[in-house]
Amino acid sequence: MENNKRPETMQRITTPELAGAFIEEQVEAIRRQVGDKKVLLALSGGVDSSVVAALLIKAIGKQLVCVHVNHGLLRKGEPEQVIEVFRNQMDANLIYVDAIDRFLDKLAGVSDPEQKRKIIGAEFIRVFEEEARRQDDIAFLAQGTIYPDILESVGVKAHHNVGGLPDDLQFELVEPVKLLYKDEVRVIGKALGLPDSMVYRQPFPGPGLGVRCVGAITRDRLEALREADAIVREEIGSLPEVPWQYFCAIPDIQSTGIKYVDGQGQRYMGWAVIIRAVNTVDAVTASVPEIPFSMLCRIRDRIISTVDGVNRVLWDISEKPVATIEWE
Ligand code: XMP
């Protein structure tokens, strides 16, 4: 497509004033493109789709139909935040789809990482397609494509783009931030009033916690991961220098633990939770930042005392290469 090249003269958007001018311009452009038609958007709650949603709400209000699919692999509090920000605060037309059972049933017993990714991707398209068909007069599909996606072109972020929809659902695209870099998208998001926790969110893979619940996903181990991950994000996120990405993984192994019941030691099997924190510029290589030992101990104590089924906390100090950032 033409218009996919950032003009050399285009100024980098670094200030609220420049963001304001961009927003005004895009609001006009969106209104011109869309007229009185309806636009559909898969709203994950990630930075790019959230900024596109806020921009379209400003431009066309309820002509935008946002679909938030909860595949059960989101982090703690994420679906609630999407509903709070977009439905309650911005009065958006938001369809919340609870597809948790559908995804987890399809994933049951599947341990191969690529197979898991394929199932999650394919099911996402199916759920989104069903919602698209329920709306009868959609004319456009909005997407949070950003400039690095166009430059890299080989679908690094295919999860953001709802490619793979059948031919009769090939809507015209609305991609208002496609010429922007990530830092500019964040400046726009701030100017549109999105909360910092959304605008400065760390990268999160499309298959979500699915690639961190290592091996075949079970609901109880997934729940333990979600709870432990929330603790790790709260603690490590409070450091003066927050790492680029920090989260938990939970392998499909159990080890012996000991519990005291009425003064009697009893052996039992429990899971190990792994803390992962990395710094990187481009995710191609990654280093491991120092985390104060007192913080690691606090994370351990909070996880062990509150997360059911976990009896060990480990810290992954592997660099990339040779280890990847994610466990799968
Ligand atoms: P790795 O594990 O390959 O991760 O070192 C590099 C970066 O990519 C993210 N990642 C993914 N993002 N879908 C995504 O959208 C995926 O399947 C996926 N796998 C890894 C990872 O979180 C890290 O930021």
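**Strand pairing, backbone features and ligand surroundings**

P321 is placed in the segment that follows β9 (310-316). In this predicted model, the peptide bond leading from K320 to P321 is cis, and its omega is near -15°. A second backbone feature concerns D91, a residue other than glycine whose phi is positive, near 55°. D91 sits in the loop between α3 (78-89) and β3. A positive phi is also found at D262, near 50°, in the hairpin of β7 and β8. That hairpin has 2 residues between its strands.

Strands can be described by their partners. In general, the strands of a sheet pair through backbone hydrogen bonds, in either a parallel or an antiparallel sense. Both senses are found here, as the following paragraphs describe.

An open sheet is built from 5 strands in the order β3-β2-β1-β4-β5, and its pairing is parallel. At the edges stand β3 (93-98) and β5 (172-174), each of which pairs on one side only. From one strand to the next, the twist averages 30°. Within this sheet, strand β1 (residues 38-42) runs parallel to strand β4 (residues 138-142), and 4 bridges join the two. One residue pair in this part of the sheet is V39 with its bridge partner F140 in β4.

Helices lie against this sheet. Helix α2 (residues 47-60) packs on the sheet and touches β1, β2 (64-70), β4 and β5. The direction of helix α2 makes about 160° with that of β1. Helix α5 (residues 113-134) lies across β1, β2, β3 and β4. With respect to β1, helix α5 runs at about 160°.

Further pairing involves strand β8 (residues 264-278). Strand β7 (residues 254-261) pairs with β8 in the antiparallel sense over 8 bridges. Among the residues of this pairing, T256 has M269 of β8 as its bridge partner, and G257 has Y268 of β8. Strand β6 (residues 245-249) also pairs with β8 in the antiparallel sense, over 5 bridges. Here the bridge partner of C248 in β8 is I275. Strand β9, in contrast, runs parallel to β8, and 6 bridges join them. In β9, W315 is the bridge partner of I275. I275 therefore has a bridge partner in each of two strands, C248 in β6 and W315 in β9.

The ligand is surrounded by 12 residues, of which R117, Q245, K320, I325 and E326 come nearest. K320 is also the residue from which the cis peptide bond to P321 starts. Sorted by class, the shell around the ligand holds 5 nonpolar, 4 polar and 3 charged residues. Oxygen atoms of the ligand take part in contacts with both side-chain and backbone atoms. An N or O atom in the side chain of R117 is 2.6 Å from a ligand oxygen atom. In the side chain of E326, an N or O atom is 2.5 Å from an oxygen atom of the ligand. At I325, a polar backbone atom is 2.8 Å from an oxygen atom of the ligand. Taken alone, the ligand exposes 490 Å², and the protein buries 76% of that area.

Conventions
Residues numbered from 1 in each chain as written. Predicted model: local features only at pLDDT ≥ 70, side-chain atom pairs only at ≥ 80, totals over all residues. Heavy atoms only, no water. Near = heavy atom within 4 Å. Polar contact = N/O pair within 3.5 Å; in protein donor to acceptor, adjacent residues only side chain to side chain. Areas by Shrake-Rupley, 256 points an atom, 1.4 Å probe, with all protein chains shown as cover. Nonpolar A, V, L, I, M, F, W, Y, C, P; charged D, E, K, R; others polar. Pairing = 2+ DSSP bridges. Axes fitted to C-alpha atoms, helices over the stretch in contact; angles between N-to-C directions. Contact = heavy atoms within 4.5 Å.
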